[in-house]
Amino acid sequence: MNMIANHPPTSELQALDAAHHMHPFTHAGELKDKGARVIARANGVTLTDTDGNDYLDAMAGLWCVNIGYGREEMAEAAARQMRELPYYNTFFQTTHVPAIALANKLAQLAPDTLNHVFFAGSGSEANDTNIRMVRTYWAQKGHPEKNIIISRKNAYHGSSMGSGSLGGMTFMHEQGGLPIPDIHHIDQPHWWAEGGDMTPEEFGLERARQLEAKIEELGADRVAAFIGEPIQGAGGVIIPPSTYWPEIQRICDKHGILLIADEVICAFGRTGKWFASETLGIRPHIMTIAKGLSSGYAPIGGSIVCDEVAEVINNCEFAHGYTYSGHPMTCAVALENLRILEEEGIVDNVANHTAAYLAKKWATLGDHPLVGEASTIGMMGAIQLTPDAERRAKFAGNEGDVGLITREHCFKNGLVMRHVGDRMIISPPLVITDAEIDTLVERAWIALDLAHKQVE
Ligand code: PLP
């Protein structure tokens, strides 16, 4: 039997899955009792599982399916490229048309002098590239001791040894010997949780100035770069106060520190521009990209690098690369994705309509008694669950319990929404319609009601 086309019943699939498939970020013991959700197919913003249940996917997979599911042109672009040239590498002075075309397209889309692309297979790999690239840059300029990278607590930059070290998730650092040396973390700009009595603007400055204090503590001659997600995604869709990024930019400029914007979630229309750096006025030397680059249809990531850094790196042999750096099929799929985003005006539509509609509807969730704050930026949103919005209080018991309960009610009501602690977050496909946004918010409200009853 062709197991994929004519699959066995769900319970059998779940048993096989639990027996043989090791999942990322999953407690496997729990899967044995419960079984994983088995997703069979998807179209637009809707997922369907093997039992025929539909879910509105408010997370666009893992923040990536910007153009929505089921686009035939993407399948055709992949098939065409596989027939023409399924694989060749870009090592040792070799190249091919899809890699050339995609690098050119990205250079055209990216702001300022971000004109050079180093391809990877994922965001994690791209951030590993960035660690080696910024250290090599300073070594080439005669400053090998300038090798420290400063990041933030509760940041997410990937799961490899390098990118996981850049990330600031303590539960990840507890496993496998992270972080690697010479990565330092400052506090995050999460006003709701950590802002105390300060206004968001005061708090944004205070958190940004931790970067300056850290640079002064370590010595600017030791610090290579600062990395940050323009908007923290996996940390809970944390929209920084308006004062934060301008101050970070000032500090990096003043101390001659390279600035890396990890745009893996935020790029390709998520905030209504091609890159969130444009939305927030950040001028990075390097941008990390992945996810929305191919809308998740093919695994591809990369680093978009400015002229100044690329000139130095291109002066040596950068002893770095992946078998799938610039893989022809993934490049062809990414190019088709960018064509769809551009020609169908999807990014403009987010800026001119959908983000505002989502913001208006999402804000209504702020009236729910379980919700302290409902915020969006572009097509990313968060609601903070709290027993007391006035005091920005936490629930008694373990952080995340109420979030988990709410998430389970979402699933039961046909909505995929993620929880990070007691924050519920969304990042739907950019092509979501107004009617689908209405459904999303209705289902979220029902889930909040059910969770509220359970925890009262
Ligand atoms: N950077 C950010 C900001 C991310 O959100 C992620 C993944 O969620 C990554 C990097 C890692 O990307 P990947 O999972 O493709 O390795």
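Two strands count as paired if DSSP finds at least two bridges between them. The model in the viewer is predicted.

**Stop 1: strand β5**

Select residues 148–152, which form strand β5. Colour by burial: 5 of the 5 residues are buried, and the strand is mostly covered. The cover is on both faces, with I148, I150 and R152 buried on one side and I149 and S151 buried on the other.

Now add residues 183–186, strand β6. β5 and β6 run parallel and are joined by 4 bridges. To find one of the contact points, pick I150, whose bridge partner in β6 is H184.

Next add residues 223–228, strand β7. β7 is also parallel to β5, through 3 bridges. Here the residue to pick is I148, which has V223 as its bridge partner in β7.

**Stop 2: helix α6 and the ligand**

Move to residues 123–140, helix α6. From first C-alpha to last, the 18 residues of α6 reach 25 Å, close to the 26 Å expected at 1.5 Å a residue. Of these 18 residues, 14 are buried, so α6 is largely enclosed by the rest of the structure. After the helix comes G142, with a positive phi near 90 degrees.

Keep α6 on display and show the ligand. Which element gives the largest share of the shell around the ligand? It is α6, with 3 residues. The ligand has 17 residues around it, and those that come nearest are S122, G123, S124, G158 and V264. By type, the shell holds 6 nonpolar, 9 polar and 2 charged residues.

**Stop 3: the sheet with β1**

Select the open sheet of 4 strands, ordered β1-β2-β3-β13, in which the pairing is mixed. Strands β1 (39–43) and β13 are at the edges with a single partner strand each, so one side of each has no neighbour in the sheet. Zoom in on β1 and residues 46–49, strand β2: the two pair in the antiparallel sense over 4 bridges. On β1, look at N43, which stands opposite T46 in β2.

**Stop 4: helix α16**

Select residues 401–412, helix α16. Its end C-alpha atoms are 17 Å apart; at 1.5 Å a residue, 12 residues should span 16 Å, which agrees. Are the buried residues of α16 gathered on one face or spread around the axis? Viewed down the axis, they fall within an arc of 125 degrees, so they line one face of the helix. To see that face, select V402, G403, T406, H409 and C410, the buried residues of α16.

Then show what these buried residues pack against: strands β12 (380–385), β13 (415–416), β14 (418–420) and β15 (423–426), together with helix α17 (434–455). Of these, β13 was met at the previous stop as an edge strand of the sheet. Just after α16, check the backbone of G414, where phi is positive at about 75 degrees.

**Stop 5: H368**

The tour ends in the loop between α15 (346–363) and β11 (371–377), where H368 is found. H368 has 17 other C-beta atoms within 10 Å and is partly exposed; a residue needs 20 or more to count as buried. Leaving out residues up to four places away in sequence, H368 touches W445 and L448. Draw the C-alpha distance from H368 to L448: the separation is 7.6 Å, although the two are 80 residues apart along the chain.

Notes
Residues are numbered from 1 along each chain as its sequence is written. This is a predicted model: local features need pLDDT of at least 70, side-chain atom pairs count only at pLDDT 80 or more; totals for chains, interfaces and linings use all residues. The expected span of a helix is 1.5 Å times one less than its number of residues. A residue is buried if 20 or more other C-beta atoms lie within 10 Å of its own, exposed if 12 or fewer, and partly exposed in between; C-beta atoms are placed from the backbone. The arc is that of the directions from the helix axis to the C-beta atoms. Two residues are in contact if their C-beta atoms, placed from the backbone, lie within 7 Å. A residue is near a molecule or strand if its C-beta atom, placed from the backbone, lies within 6 Å of it. Ala, Val, Leu, Ile, Met, Phe, Trp, Tyr, Cys and Pro count as nonpolar, Asp, Glu, Lys and Arg as charged, and the others, Gly among them, as polar.
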